[in-house]
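Biologist: Please take a close look at one part of this structure, and then follow the charged pairs elsewhere in the chain. I would like to know which side chains are hidden, which are open, and what they meet.

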Amino acid sequence: MAAWDEGGQGVMRLPSGRSVRGRGLRRPLPVGQVPAFGLYLLGGPPPETAWSARWVRWRDFWLPSDPAGFRDELVGTLRRAGDERVEVACGGGIGRTGTALACLAILDGVRSDEAVAYVRSGYHPRAVETPWQRRFVERFGAG
């Protein structure tokens, strides 16, 4: 299994043992390992990458424009994280990325009422920035 290095910048371990890297696209690509797949959460198309990537239309500080399509992308992303290095990224790497990582954690077994705290402790202390992003995470578990 091609996993991220333990303790790598932005790497979060899920309950199943899978790891996913979160990052902000406005920052330089971290030195070292590169992803095999990226899920990019942006208002417009993501930059070109040397790896396979998918785009979810999602304006800064808001919610995904197609929640059902977002869920489908996360299911595929979680599956890929089992044997590929996967990253999830938005512009800053905190709000949209944190929201997506919290939803991935739910798909991997974390209770929806614990997912924000899980991501804040394992990825970034300010992940999931807005009240509506937090509500989205809580409701994601019911969907």
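Modeller: In this predicted model, Ala117 and Ser121 of helix α3 are exposed. They sit on the other side of the helix from its buried residues. Those buried residues are Ala115, Val116 and Val119, in a helix that covers residues 115–122. Viewed down the axis of α3, the buried residues fall within an arc of 100 degrees, so they line one face of the helix. A general rule of helix geometry helps here. An α-helix has 3.6 residues a turn, so residues three or four places apart point the same way. As for what the hidden face meets, the buried residues of α3 pack against β1 (11–13), α2 and α4 (131–140).

One of these partners, helix α2, leads on to the charged pairs. Arginine 96 forms a salt bridge with aspartate 60, and their closest N and O atoms are 3.4 Å apart. Arginine 96 belongs to helix α2 (residues 95–107), whereas aspartate 60 is in the loop between β4 (52–57) and α1 (67–80), so the bridge ties together parts that are 36 residues apart in sequence. The two ends of this bridge have unlike surroundings. Arginine 96 has a relative accessibility of 5% and counts as buried, while aspartate 60, at 34%, counts as partly exposed.

The structure holds eight salt bridges. Some of them share a residue: Arg21, Arg23 and Glu87 are linked in a network. Within this network, arginine 21 bridges to glutamate 87, with the closest N and O atoms 2.7 Å apart. Arginine 21 lies in strand β2 (residues 19–24) and glutamate 87 in strand β5 (residues 86–90), so this pair ties together parts 66 residues apart in sequence. Glutamate 87 also meets the side chain of arginine 23 in a salt bridge, again at 2.7 Å from N to O. This second pair links distant parts of the chain too, with glutamate 87 in strand β5 and arginine 23 in strand β2, 64 residues apart.

How open is the network to the outside? Both arginine 21 and glutamate 87 are buried. The relative accessible area of glutamate 87 is 0%. Arginine 23 has a value of 11%. A residue is called buried when that value is under 20%, so arginine 23 is buried as well.

Methods:
Residues numbered from 1 in each chain as written. Predicted model: local features only at pLDDT ≥ 70, side-chain atom pairs only at ≥ 80, totals over all residues. Heavy atoms only, no water. Salt bridge = Lys/Arg side-chain N within 4 Å of Asp/Glu carboxyl O. Helix = DSSP H or I, 4+ residues; strand = E, 2+ residues; numbered from the N terminus. Buried < 20%, exposed > 50% of the residue type's maximum accessible area, 1.4 Å probe, protein only. Arc of directions from axis to C-beta. Contact = heavy atoms within 4.5 Å.
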